[in-house]
Amino acid sequence: MRKMCLILSLSVLALAMVSCGTDDRSFGYPREETLYVGGLQWGSPTTFNPLAWWSAFPIMEGGNNTVTYEPLVLFNSFTSEMEPLLGTIYEESNEYISVIMNSAARWSDNRPLTAEDVKYTYELARDNSVLYSGVWEHLTDITIDTVNVDTLADIVLPDDHYGQHERITFHMEGAAQQNPLAVYGALQSVRILPKHFFAEKLEELDGDFEALRSLTLGDSPIISGPYQIHNYTNERIILKRRDDYWGNDALFAGEEPGPRYILHPILEGNSHFNLALQQGRIDVTSTYLPRVWTRRDMGVQTWYEEQPYYMAGSIPTLVLNTEHEELSSKYMRRAIASAINYEDVRDLAISGYSEDIQPGLILPFGNEKQYFSAEDAEKYGTSFDKEKARSYLEKAGYTSVWHDDGRLSHMENEDGEPVRSLRIMCPSGWTDWEAIVRIVVRDLRRAGIDAYQDFVDQGVYRESQPVGRFDMILFTPAPELSPTTPLSRLEGVMSSQFWAPIGDRMEENYGRYNNPESDTYNPAVDSLIKNIPLITNQDSLVDAYRKLNRIFMKDQPAIPLAYRPEQYYQFTEAVWENFPHADNPVGPQLVPTIGAARNVLWKLRSTEKGE
């Protein structure tokens, strides 16, 4: 969802073809050895420091990239399984999770990667403010010992590495928020750092962590992953395969990844990446490509061959600011939910890339299907019904005032006083989201709800979310499938654990639903969110999820609008073949630098058409 040009002039087309950087004469990398990816880097790279708030591809930008710095384990969003990498999950309980370290793991300077590196990485986040510091809300301690794994067949280690191995244990008992799901989420997302490098640098900087964070680290940093940063400019980022990568022997029976190079050109927007994909100058992208079926004859493929084309993994949602008087009534919120034509959102705004949306915040397919109740959705949910929307609006105490020509003029409250127009905020240039908002505004006004679109700069959008500076805002809670979903999605719009008034920052529940100081506070919401991660009985877990989703549907603090994939994932096989898709599920529906999709790199093979 980035800026997409609607009209591409000849001059811009020429610039796109040059700036794409897939022309061998421009970059000099053999096409048959180079995988070109797109949609993960926007703008010139400024830092590759994993401690920075926003570092370039392949460190942070574009998702959970795992080809340079690696996490302990990988989460496969297609199978919903945790896969071993630097370690293997060994023991699991509500009090602790332990991991057996893979003793074959090495840093790029050939030093062993050990449990001390893991402990150091996590304790940096305890003692300093970094992106993953929140994990310490769920941890009390991290300890290291050794264990004999000779007889444990489920521990993935090379044949000659059995015996005494390091075990690292993450302790949760007594934590501020005891949540094993959140710890699992950290195990697959926190990339491990080399202690010997970062500790030495920090000492050289007299303990100044901000100075450490400001280091660019773009010149062959010490990493554990299969690809090293090789070259970068404001036009492209190039990674080169490490032929001495420890995992080739330990995890892939001596095989190397197919591509020698991974090259990410830096282009202006979706349309430039999409054009390069259609011309075979990029192999795989994560950009929004409308009407993808019209690109079939250009070789563009998706997860499914037919509608919805992509496998759903997230829910773009209209979050309502419940602290604003006009939206404080659940009847007003249900009126808004009933006014929206969800079929139009699906078909006109996002090219049909969605199954029919169901009420609630639990996906009715995939791993989450076990927690979804069609009976509850039918009984408690809302659907498109303009007359019901007007009925809810009346229950909320508002009256629509119309012009003689049938256009909406404004709304009035129970005292006959005019009510201000409501604004729906969305980042300017995110074309699929802009289209969704236009449809929602159209439908609300048809139902008598006075609303307008508010397209703003991304910076304004990002800053407005946590402080509650909006009426309604388009947002995707838990945009990636992980061990924490669907709870993290529900928590993201319902939890009042860290509730704060408008103007103060909240990192979840931007709509400030369920104010714990109000007369309408429902303690069951926070109780369910707290207890779900600790429930071990499957029937009890399903029941708890149903209860929480029912409350969401009744109170309607936010409105699910459509289903969306984790990434818009398109590829061509003109140069590389064996990409994942529904008939060839060799990995998840992600660009193969992200999460468990990185394992696809060992499956890709050159078609030799690029030679």
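This short presentation describes helix packing, a pocket, a cavity and some backbone features in a predicted model.

Good morning, colleagues. I shall begin with the helices. Two packed helices are described by the angle between their axes and the distance between the axes.

Consider helix α9, residues 330-339, and helix α12, residues 386-395. Their axes come within 8 Å and cross at roughly 165°. Angles over 145 degrees count as roughly antiparallel, and α9 and α12 are therefore roughly antiparallel to each other. The crossing of this pair is left-handed. On the α9 side, the contact is made by Tyr-331, Met-332, Arg-334, Ala-335, Ser-338 and Ala-339. The α12 side brings Lys-386, Lys-388, Ala-389, Tyr-392, Leu-393 and Lys-395. By class, the residues of this contact are 7 nonpolar, 1 polar and 4 charged.

Helix α9 also packs against α17, with the axes 8 Å apart and an angle of about 90°. How are α9 and α17 oriented to each other? An angle from 65 to 115 degrees counts as roughly perpendicular, so α9 and α17 are roughly perpendicular to each other. Here Lys-330, Arg-333 and Arg-334 of α9 meet Met-553, Lys-554 and Asp-555 of α17. The contact of α9 with α17 has 5 charged residues, 1 nonpolar and no polar. I would point out that Arg-334 appears in the contact with α12 and again in the contact with α17.

Helix α17 has a further partner, α15. The axes of α15 and α17 lie 11 Å apart, at an angle of about 35°. This crossing is left-handed. From α15, the residues in contact are Leu-487, Leu-490, Val-493 and Met-494. From α17, they are Tyr-545, Leu-548, Asn-549, Ile-551 and Phe-552. This contact divides into 8 nonpolar residues, 1 polar and no charged.

Let us turn to the cavities. How many cavities of 30 Å³ or more are counted? The count comes to 5. The largest cavity has a volume of about 60 Å³. Its lining includes Val-319, Leu-320, Phe-475, Val-493, Asn-509, Tyr-510 and Pro-557. Strand β13, residues 317-320, and helix α15, residues 487-494, each give two or more residues to that lining. Val-493 thus has two places in this account: it lines the largest cavity, and it belongs to the contact of α15 with α17. By class, the lining of the largest cavity has 8 nonpolar, 4 polar and no charged residues.

Next comes the second largest pocket, whose volume is about 1,000 Å³. Of the 45 residues that line this pocket, Phe-75, Ser-80, Asn-367, Ser-482 and Pro-483 are the closest to its centre. At least two lining residues come from each of β2 (73-76), β3 (81-84), β4 (87-92), α4 (180-187) and α17 (538-555). Helix α17, then, supplies part of this lining as well as packing with α9 and with α15. The pocket lining comprises 25 nonpolar, 14 polar and 6 charged residues.

I close with the backbone. Most residues other than glycine have a negative phi, and most peptide bonds are trans. Which peptide bond has omega near 15°? The bond from Gln-307 to Pro-308 does, and it is cis. Pro-308 sits in the loop between β11 (284-285) and β12 (312-314). A further cis bond runs from Thr-485 to Pro-486, with omega near 10°. Pro-486 lies in the loop between β19 (472-475) and α15, the helix whose contact with α17 I have described.

Finally, Ser-220, a residue other than glycine, has a positive phi, near 45°. Ser-220 is located in the loop between α6 (209-213) and β8 (227-232).

Thank you for your attention.

Methods. Residues are numbered from 1 along each chain as its sequence is written. This is a predicted model: local features need pLDDT of at least 70, side-chain atom pairs count only at pLDDT 80 or more; totals for chains, interfaces and linings use all residues. Side-chain values use heavy atoms; hydrogens and water are left out. Axes are lines fitted to C-alpha atoms, for helices over the stretch in contact, and angles run from 0 to 180 degrees between N-to-C directions. Helices (H or I, at least four residues) and strands (E, at least two) are DSSP runs, numbered from the N terminus. Angles under 35 degrees count as roughly parallel, over 145 as roughly antiparallel, 65 to 115 as roughly perpendicular and the rest as oblique. A crossing is left-handed if the near helix is turned anticlockwise from the far one by less than a right angle, and right-handed if clockwise. Contact means heavy atoms within 4.5 Å. Ala, Val, Leu, Ile, Met, Phe, Trp, Tyr, Cys and Pro count as nonpolar, Asp, Glu, Lys and Arg as charged, and the others, Gly among them, as polar. On a 1 Å grid over the protein atoms alone, a cavity is a set of points where a 1.4 Å probe fits but cannot get out, and a pocket is an open set with protein on both sides within 12 Å along at least five of seven lines; lining residues have an atom within 4 Å of a point. Grid points are joined across faces, edges and corners, and a volume is the space filled by probe spheres set on the points.
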